[in-house]
Amino acid sequence: MTPLTTPSLAQLINRASRALARDADNALKPLGLRYAQVPVLALLHEGPELTQKELAEATGIEQPSMAQLLTRMDRDGLIHRKPNPRDARSQTIALAPGTDAQLKEAHEHLTALDNRAVAGFTTEEIDTLKHLLIRLGDNLDRRSDTVTDPAR
């Protein structure tokens, strides 16, 4: 039996995730950005204008949290909204003009953070880590709504 003081896999992943988010926020702060904004900024940079619902679904962020995030991003001049031509009840969201340089610099900061996080890892280890994390996420996305008996 594993001692209770031994960190679980979930605790280790959570620790790494929190450290990455903290350091990413610190790196992005001088640019006027937050790490939580990165998935939205990336989607809007790569594709067409999207609705709040589409952004929430694509990022896995709950609708109320996405609404708050977009309100702050709009306030900070990162995005702009306009009426959705396909649905009068919603708006489309796009990057505000002039954000390209800011996003390029943010990408450079986050790439440096990724490199720091895997310092000393081989290319093969990095590829394996990515593969395992994708599988782990897929397993969790497929989870049932009931807790499984740990004895099984």
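Modeller: Let us begin with a term: two residues are in contact when they have heavy atoms within 4.5 Å of each other. The model before us is predicted.

Biologist: With which residues is Ala 24 in contact, leaving aside its neighbours within four places in sequence?

Modeller: Ala 24 is in contact with Tyr 35, Leu 110 and Leu 113, once those neighbours are left aside. Ala 24 itself has its place in helix H1.

Biologist: How is its accessibility to be read, and does Ala 24 count as buried or exposed?

Modeller: The term buried applies under 20% relative accessible area. Ala 24 has a relative accessibility of 0%, and therefore counts as buried. A distance along the chain may also be set beside a distance in space. Ala 24 and Asp 114 are 90 residues apart along the chain, while their C-alpha atoms are separated by 9.5 Å.

Biologist: How should I read the packing of two helices?

Modeller: Two packed helices are described by the angle between their axes and by the distance between those axes. In this structure, helix H1, residues 9–28, packs with helix H5, residues 100–117, at an angle of about 145 degrees, and the two axes are 10 Å apart. The crossing of H1 and H5 is right-handed.

Biologist: Which residues of H1 and H5 make the contact?

Modeller: From H1 come Leu 20, Asp 23, Ala 24, Ala 27 and Leu 28. H5 contributes Ala 106, His 109, Leu 110, Leu 113, Arg 116 and Ala 117. By class, the contact of H1 with H5 has eight nonpolar residues, one polar residue and two charged residues.

Biologist: At what angle do helix H2 and helix H3 pack?

Modeller: Helix H2, residues 38–46, and helix H3, residues 52–59, pack at an angle of about 115 degrees, with their axes 10 Å apart. H2 is therefore roughly perpendicular to H3. Their crossing is right-handed. Pro 39, Val 40, Leu 43 and Leu 44 of H2 make the contact with Leu 55, Ala 58 and Thr 59 of H3. By class, the contact of H2 with H3 has six nonpolar residues, one polar residue and no charged residues.

Biologist: Which residues in the largest nonpolar core touch the most other members?

Modeller: A core of this kind joins buried nonpolar residues through their side chains. The largest one here has 22 residues, and those that touch the most other members are Val 40, Leu 44, Leu 55, Leu 70 and Met 73. At least two residues of this core are supplied by each of H1, H2, H3, helix H4 (63–75), strand E3 (91–95) and H5.

Biologist: Where is the place of Met 73?

Modeller: Met 73 has its place in helix H4. With a relative accessible area of 0%, Met 73 is buried. Its contacts, apart from neighbours within four places in sequence, are with Gln 37, Val 40, Leu 41, Leu 78 and Ile 79. The C-alpha atoms of Met 73 and Arg 34 are separated by 9.6 Å, and these two residues are 39 apart along the chain.

Biologist: Leu 78 appears among those contacts. Where is its place?

Modeller: Leu 78 lies in the loop between H4 and strand E2 (79–83). At 2% relative accessibility, this loop residue counts as buried. Not counting residues up to four places away in sequence, Leu 78 touches Gly 32, Leu 33, Gln 37, Met 73, Ala 94, Leu 95, Ala 96, Thr 99 and Gln 102. One of these, Ala 96, is 18 residues from Leu 78 along the chain, with 5.2 Å between the C-alpha atoms.

Biologist: In which loop is Glu 49 found?

Modeller: Glu 49 is found in the loop between H2 and E1. Between 20% and 50%, a residue is called partly exposed. Glu 49 has 29% relative accessibility, so Glu 49 counts as partly exposed. Beyond four places in sequence, Glu 49 touches Glu 54, Lys 82, Thr 92, Ile 93 and Ala 94. From Glu 49 to Arg 81 the C-alpha distance is 9.1 Å, with their positions 32 residues apart in sequence.

Biologist: In which strand is Thr 51 found, and is Thr 51 buried or exposed?

Modeller: Thr 51 is in strand E1, residues 50–51. Its relative accessible area is 9%, so Thr 51 is buried. Not counting residues up to four places away in sequence, Thr 51 touches Asn 84, Arg 86, Ser 90, Gln 91 and Ile 93.

Terms used:
Residues are numbered from 1 along each chain as its sequence is written. This is a predicted model: local features need pLDDT of at least 70, side-chain atom pairs count only at pLDDT 80 or more; totals for chains, interfaces and linings use all residues. Side-chain values use heavy atoms; hydrogens and water are left out. Axes are lines fitted to C-alpha atoms, for helices over the stretch in contact, and angles run from 0 to 180 degrees between N-to-C directions. Helices (H or I, at least four residues) and strands (E, at least two) are DSSP runs, numbered from the N terminus. A crossing is left-handed if the near helix is turned anticlockwise from the far one by less than a right angle, and right-handed if clockwise. Ala, Val, Leu, Ile, Met, Phe, Trp, Tyr, Cys and Pro count as nonpolar, Asp, Glu, Lys and Arg as charged, and the others, Gly among them, as polar. Angles under 35 degrees count as roughly parallel, over 145 as roughly antiparallel, 65 to 115 as roughly perpendicular and the rest as oblique. A nonpolar core is a set of buried Ala, Val, Leu, Ile, Met, Phe, Trp, Tyr and Cys residues joined through side-chain atoms within 4.5 Å. Buried means under 20% relative accessible area, exposed over 50%, partly exposed in between (1.4 Å probe, protein chains only).
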